[in-house]
Amino acid sequence: MKDFTSTHHTVRHHSPPETTRPAYSGWVRSSSFLSSILSGMLLGYLADFWLDTSPWLVVVGVIVGSYSGFLNVWRYLKEMENDDRRR
C-alpha cells in the first residue's frame with residue numbers, strides 16, 4: 001500500500017505574463033470593488049437583523065461599501081497614472 005502522506009509536491013505560483021497583466025489586474029480590482037459593496041451590504045443586513053432597524057443599515061452598508069470600492073479603484077488609477085508618468 002502506498003503512503004500518500006510522505007510524497008512531497010511542489011506547488012508553483014506563476015505571475016501572469018506581461019501581455020495579460022493589465023487584464024488580470026483589472027479583474028482583481030473589479031472583484032475587489034464588488035466584494036466591498038457586498039460585504040457592506042452583508043454587514044448592514046446583519047446589523048439590521050440584530051438591531052431590528054430594517055432596511056436602513058443595509059442602505060448605509062451599501063453606500064459605505066460603494067464608497068470604499070470607489071476609493072480603492074481611485075487609488076489604483078492614480079498609482080497607474082504615476083507609473084506611466086515615471087516611464
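## Terms and basis of the model

Two residues are said to be in contact when heavy atoms of the one lie within 4.5 Å of heavy atoms of the other. The structure described here is a predicted model, in which local features need pLDDT of at least 70 and side-chain atom pairs count only at pLDDT 80 or more, while totals for chains, interfaces and linings use all residues. Residues are numbered from 1 along each chain as its sequence is written, and side-chain values use heavy atoms, with hydrogens and water left out.

## The chain as a whole

The protein chain has two helices and zero strands, where helices (H or I, at least four residues) and strands (E, at least two) are DSSP runs numbered from the N terminus. Helix 1 covers residues 21–51, and helix 2 covers residues 56–86.

Of the 87 residues in the protein chain, 14% are buried; here buried means under 20% relative accessible area, exposed means over 50%, and partly exposed lies in between, with a 1.4 Å probe and protein chains only. The accessible surface of the protein chain comes to about 7,900 Å², and 66% of that surface belongs to carbon and sulfur atoms. Such areas come from the Shrake-Rupley method with a 1.4 Å probe, and for residues only the protein chains shown count as cover.

## Asp-48 and the loop between the helices

Which residues does Asp-48 touch, not counting residues up to four places away in sequence? Asp-48, which is found in helix 1, touches Thr-53, Ser-54, Pro-55, Trp-56, Leu-57 and Val-58. The side chain of Asp-48 also reaches the backbone nitrogen of Leu-57 at 3.1 Å, which fits the cut-off for a polar contact (a pair of N or O atoms within 3.5 Å; within protein, one must be able to donate a hydrogen and the other to accept it, and residues adjacent in sequence count only if both atoms are side-chain atoms). Asp-48 is buried yet has no salt bridge, and the nearest side chain of opposite charge, that of Arg-75, is 26 Å away. A salt bridge is a side-chain nitrogen of Lys or Arg within 4 Å of a carboxyl oxygen of Asp or Glu, and for charge, Lys and Arg count as positive and Asp and Glu as negative, whereas His and the chain ends are not counted.

Pro-55, one of the residues that Asp-48 touches, is found in the loop between helix 1 and helix 2, and the peptide bond from Ser-54 to Pro-55 is cis, with omega near -5°. Asp-52 lies in the loop between helix 1 and helix 2 as well, and its phi is near 55°, a positive value in a residue other than glycine. Asp-52 counts as exposed because its relative accessibility is 68%.

## Where the two helices meet

Ser-36 is found in helix 1 and counts as buried, because its relative accessibility is 11%. Leaving out residues up to four places away in sequence, Ser-36 touches Gly-65, Ser-68 and Gly-69. Although Ser-36 and Tyr-67 are 31 residues apart along the chain, their C-alpha atoms are separated by 8.8 Å. Tyr-67, which is found in helix 2, is exposed because its relative accessible area is 56%.

Ser-66 lies in helix 2 and is buried, because its relative accessible area is 17%. Apart from its neighbours within four places in sequence, Ser-66 is in contact with Phe-33 and Ile-37. Val-60, also in helix 2, is 16 residues from Gly-44 in sequence, while the two are 6.8 Å apart in space, C-alpha to C-alpha. With a relative accessibility of 43%, Val-60 counts as partly exposed.

## A nonpolar patch on the surface

Leu-42, Leu-43, Tyr-45, Leu-46 and Phe-49 make a nonpolar surface patch of about 600 Å². Patches are made of residues with over 30% relative accessible area and no salt bridge, like charges being joined within 9 Å and nonpolar side chains (Val, Leu, Ile, Met, Phe, Trp, Tyr) within 5 Å. One of these patch residues, Leu-46, lies in helix 1, and Leu-46 counts as partly exposed because its relative accessibility is 45%.
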